[in-house]
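These notebook entries record what I looked up, step by step. I began with the ligand and then turned to the sheets.

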Amino acid sequence: MNVLVIGGAGYVGTSLIPQLLARGYRVRLFDSLMFGGDPILPFFRDKNFTFVRGDVRNPEEVKAAVQGQDVVIHLAAIVGYPACRKDPKLAEEVNVGGTRNVAAAVSRQQLVLFGSTGSNYGSVEEVCTEETPLHPLSLYGQTKTLAERHLLENCATIAYRFATAFGVSPRLRLDLLINDFVYKALTQGYLVVYERHFMRTFIHVHDMGRAFLFALDHQHQMAGKVFNVGYEQMNYSKEDNCKIITRHIGCYVHYADVGEDADKRNYVVSYKRINDLGFNTTLTVEEGVDELKRALQAINFKTPYTNV
Ligand SMILES: NC(=O)c1ccc[n+]([C@@H]2O[C@H](COP(=O)([O-])OP(=O)(O)OC[C@H]3O[C@@H](n4cnc5c(N)ncnc54)[C@H](O)[C@@H]3O)[C@@H](O)[C@H]2O)c1
């Protein structure tokens with residue numbers, strides 16, 4: 001199978017690509033390398049790996065990259081509301097315009113797997129299912145919602161609304177809630193936490209890669225649909241996460257009254273649709289916190305890896 005991963009040099013893609021190569025798939029990575037190329041160097045040892053440096057905003061480059069591919073996994077984006085807020089024009093061009101270029105380039109025979117997000121829901125009182133109306137509150141959620149809808153309307157697409165990722169990946173991000181808390185707990189010795197009761201769900205970045213492999217194995221049942229991807233037992237409040245972190249890393253936690261999340265991510269999500277097909281996550285927040293602690297202590301880096 002020939003698999004193109006657009007935006008695969010990032011946090012999710014660099015965890016996914018080794019899993020695709022381990023299955024013997026031919027993997028073409030298309031990326032502008034916003035965060036550099038170091039994390040993809042180990043992939044070149046595999047003869048099934050090829051790299052194309054390109055920009056998803058360029059329709060001709062995207063058209064050339066999809067040629068001969070059976071599956072396109074589309075991950076390229078300006079990710080997270082702080083990065084989108086910093087450069088709204090770029091966020092719209094990449095997240096919406098880039099996705100339109102992908103949709104225009106593929107044929108109906110090529111399957112598209114899309115890395116969408118739970119930020120599409122906005123602030124929701126009831127448990128979110130895939131049928132819950134989307135009311136994204138930030139530019140990030142709004143651009144991802146438009147992109148998701150465009151792909152579903154125009155291509156053979158499986159859209160994954162992922163929980164918030166955590167864990168170690170070759171292109172590490174420390175702007176994700178759990179990763180950020182672990183980094184701060186280690187470097188500052190304390191955490192200042194607002195909206196302590198806000199509920200979110202979490203998924204290890206390795207399990208996000210596993211979910212894409214699962215889609216390749218179940219494409220006939222899944223094509224044309226949206227799936228929440230995560231695990232119900234990992235619906236945690238910020239305070240729950242702080243308790244896990246303080247068990248692993250002795251640090252002081254101050255719960256503050258000021259500060260807010262632009263996406264107002266305070267929701268509980270149902271994962272029944274994908275669980276019923278047989279997909280379950282494997283790695284817990286406890287395991288992710290332990291892995292992050294060991295990695296961050298070992299490499300003793302000076303600057304946080306962030307998307308902003
Ligand atoms: N990490 C999460 O918690 C999470 C959760 C839900 C959904 N997602 C989605 O998964 C996808 C990947 O997220 P990530 O965490 O790996 O982000 P990331 O920022 O680490 O990676 C994004 C990748 O896209 C590439 N890219 C950006 N602009 C590009 C352009 N114009 N042309 C080509 N490549 C470009 C970057 O170089 C980078 O390699 C995104 O679409 C994101 O919305 C991530």
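Entry 1: the shell around the ligand. I worked throughout with a predicted model. I first asked which elements supply residues to the shell around the ligand. Strand E5 (111–117), helix H5 (139–154) and strand E7 (164–166) each contribute at least two residues. Of the elements, E5 gives the most, with three residues. I then noted that 33 residues surround the ligand in total. The closest of them are Asp31, Tyr140, Lys144, Arg171 and Arg173. Sorted by character, the shell contains 18 nonpolar, nine polar and six charged residues.

Entry 2: polar contacts of the ligand. I looked up distances from oxygen atoms of the ligand to N or O atoms of the protein. For glycine 10, a backbone N or O atom lies 3.1 Å from a ligand oxygen. For alanine 165, a polar backbone atom is 3.0 Å from an oxygen atom of the ligand. For arginine 173, the partner is an N or O atom in the side chain, at 2.6 Å from a ligand oxygen. I next recorded how much of the ligand is covered: taken alone it exposes 830 Å², and the protein buries 98% of that.

Entry 3: the sheet that contains E7. I followed E7 from the ligand shell into its sheet. Three strands form this open sheet, in the order E7-E9-E11, with mixed pairing. Why is one side of E7 and of strand E11 (235–237) left without a neighbour in the sheet? Both strands stand at the edges and have a single partner strand each, so one side of each has no neighbour there. On average, neighbouring strands of this sheet are turned by 50° against each other, direction ignored. I then examined one pair: E7 and strand E9 (residues 199–204) are joined in the parallel sense over three bridges. Within the sheet, alanine 165 stands opposite isoleucine 203 in E9; alanine 165 also has the backbone contact to the ligand at 3.0 Å. Helix H11 (residues 285–299) lies across E7, E9 and E11 and runs at about 65° to E9.

Entry 4: the sheet that contains E5. I returned to E5 and looked up its sheet. Here seven strands form an open sheet with parallel pairing, in the order E3-E2-E1-E4-E5-E6-E10. Its edge strands are strand E3 (49–53) and strand E10 (226–229), and each pairs on one side only. Neighbouring strands of this sheet are turned by 20° against each other on average, direction ignored. How many bridges join strand E4 (residues 71–74) to E5? I found four, and the two strands run parallel. In E5, valine 112 has valine 72 standing opposite.

Key: Residues are numbered from 1 along each chain as its sequence is written. This is a predicted model: local features need pLDDT of at least 70, side-chain atom pairs count only at pLDDT 80 or more; totals for chains, interfaces and linings use all residues. Side-chain values use heavy atoms; hydrogens and water are left out. A residue is near a molecule or strand if one of its heavy atoms lies within 4 Å of it. A polar contact is a pair of N or O atoms within 3.5 Å; within protein, one must be able to donate a hydrogen and the other to accept it, and residues adjacent in sequence count only if both atoms are side-chain atoms. Accessible areas come from the Shrake-Rupley method with a 1.4 Å probe; for residues, only the protein chains shown count as cover. Ala, Val, Leu, Ile, Met, Phe, Trp, Tyr, Cys and Pro count as nonpolar, Asp, Glu, Lys and Arg as charged, and the others, Gly among them, as polar. Two strands pair if DSSP finds at least two bridges between them. Axes are lines fitted to C-alpha atoms, for helices over the stretch in contact, and angles run from 0 to 180 degrees between N-to-C directions. Contact means heavy atoms within 4.5 Å.
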